[in-house]
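Here are a few exercises to work through with the model open beside you. Try each task before you read its solution.

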Amino acid sequence: MPIMSNQTIPLDIVYGVLTQLPVKALLRFKSVSKEWCSLINHPYFIILHLRQSMETNRNNLNIVFKERASGKLLSVGFDYVNLENPRELNHPLKRQPGEGLDNEYDYTQVVGSCNGLLCLIKEDQIYRTIMLWNISTGDYKVLPDQPVEVPRAWSTVQQLTFYGFGYDLINDDYKLVRIVQEIDSSRIPPLISEVKVYSLKTNTWRRPSEEIPNYYFHNNCWRTAGTFFYGTLHWLGIKERTWECPSSIIAFDVGTEKYHQIELLDNMQRGTYNMNLGALQGCFCMIATCWDYKVKVWMMKDYGVKESWTMLYSLQGDIFSAAYLYPLAYSKNYEKILLSLLWYDIKGEEFKDVNLSQLENIRPSPSEICMESLVKLDD
């Protein structure tokens, strides 16, 4: 560990004070001296600061979403979701003026958020770029290109790509999972899936040793990123036909790189036309939008145990965006629940501060919660 010169205060006390500070302040303090810069950049301090932020909820959460008209990535504070004055993110994949393209729409998508890192993907008609970006420090890393190896047949109905980003606690590594599914009506079986896993530690892509379960991944046309919870990525799965309701959750442990399935209760699918996954209060959850515009929030109180699914709330979602709601978090006082970019007052049983014209410009963009952190992307 680095030792500060002329130290008069015990190092553990210095650590205790500095880990309480926000990232922006720590970045400024790096210029105080070489010793302070070395301390703040040290991997042990970065882990300690991250852990302290998670445990005390002092992590200055931001909600990142996409503007519908321009494709810009925007951010608002978690405590007060003010859509009137969002902050435009100056991310590394942002299209710059004068790039020579007539269409100025920003095709960058956010496909995951973990420990202050955003996984960004930009695909247009010519190029595909995947990048990890620390929203607080500005550090970023472009991932090596990995072509899809599934041969696309002339009779292919469709080819879909799903992503998932998370942290491997076992190997202290960040991993991106890419799943390409090809549906070819002339084949028996008609479904072929290709899975590749990127490791930040090795900066390489490879195939996991275990075969993926033969399920169609649920594609609701706007949210294809896996939900990271309990060290595991989750996608909704459909067993037989692509137009059916999801019947199971396909889970991929990013540490062991093994699959398992989480079963749904039979009545969870009844009367629904859209389902999304999330996490609330340290529990895995699912939100189901019904044909009568009711929004049901289910929580799995004992992870992996089918019988522990419990319906927490049945909300009246008679607003235009009901199909695009999914759980993000509780407010700090647990009086409200954030569904996409809408606060729902639990006691008052109503959505708060709904501005339909502002929401129309971001629908159906998925939102991600991103915390501040010092996590580095250096080799």
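Helices (H or I, at least four residues) and strands (E, at least two) are taken here as DSSP runs, numbered from the N terminus. This is a predicted model, where local features need pLDDT of at least 70 and side-chain atom pairs count only at pLDDT 80 or more, while totals for chains, interfaces and linings use all residues. Residues are numbered from 1 along each chain as its sequence is written, and side-chain values use heavy atoms, with hydrogens and water left out.

**Exercise 1. The overall picture**

Task: work out how many helices and strands the protein has, and what share of its residues is buried.

Solution. Start with the secondary structure: there are 5 helices and 25 strands. Next, burial: buried means under 20% relative accessible area, exposed over 50%, and partly exposed in between (1.4 Å probe, protein chains only). On that scale, 50% of the 379 residues are buried. The accessible surface (Shrake-Rupley method, 1.4 Å probe) is about 18,800 Å², with 50% of it belonging to carbon and sulfur atoms. Last, take contacts, meaning heavy atoms within 4.5 Å. Of those between residues at least 6 apart in sequence, 52% join residues at least 24 apart.

**Exercise 2. A helix pair**

Task: describe how H3 and H4 pack, and find which residues make the contact.

Solution. Two packed helices are described by the angle between their axes and the distance between the axes. Axes are lines fitted to C-alpha atoms, for helices over the stretch in contact, and angles run from 0 to 180 degrees between N-to-C directions. H3 (residues 34-41) and H4 (residues 43-56) meet at about 60°, their axes 5 Å apart. That makes H3 oblique to H4, given that angles under 35 degrees count as roughly parallel, over 145 as roughly antiparallel, 65 to 115 as roughly perpendicular and the rest as oblique. H3 brings Leu39, Ile40 and Asn41 to the contact, and H4 brings Pro43, Phe45 and Ile46.

**Exercise 3. Stacked, edge-to-face or tilted?**

Task: classify the ring pair of Phe229 and Phe284.

Solution. First the rule: rings of Phe, Tyr and Trp (its six-membered ring) pair if their centres lie within 6.5 Å; planes under 30 degrees apart count as stacked, over 60 as edge-to-face and the rest as tilted. The whole structure has 15 aromatic pairs. For Phe229 and Phe284, the ring centres are 5.8 Å apart and the planes sit at 25°, so this pair is stacked. Now place them: Phe229 is in strand E13 (residues 227-229) and Phe284 in strand E18 (residues 283-290), so the pair ties together parts 55 residues apart in sequence. Both are buried. Zoom out, and ring pairs link Phe229, Tyr230, Phe284, Tyr303 and Trp309 into a cluster.

**Exercise 4. Two loops, one odd phi**

Task: find where Ser209 and Glu257 lie, and say whether each is buried or exposed.

Solution. Ser209 is in the loop between strands E11 (204-206) and E12 (216-217); at 66% relative accessible area, Ser209 is exposed. Glu257 is in the loop between strands E15 (248-253) and E16 (259-263), and with 7% Glu257 is buried. Their C-alpha atoms are separated by 7.9 Å, with the two positions 48 residues apart along the chain. Now check the backbone. Most residues other than glycine have a negative phi. Glu257, though not a glycine, has a positive phi of about 60°.
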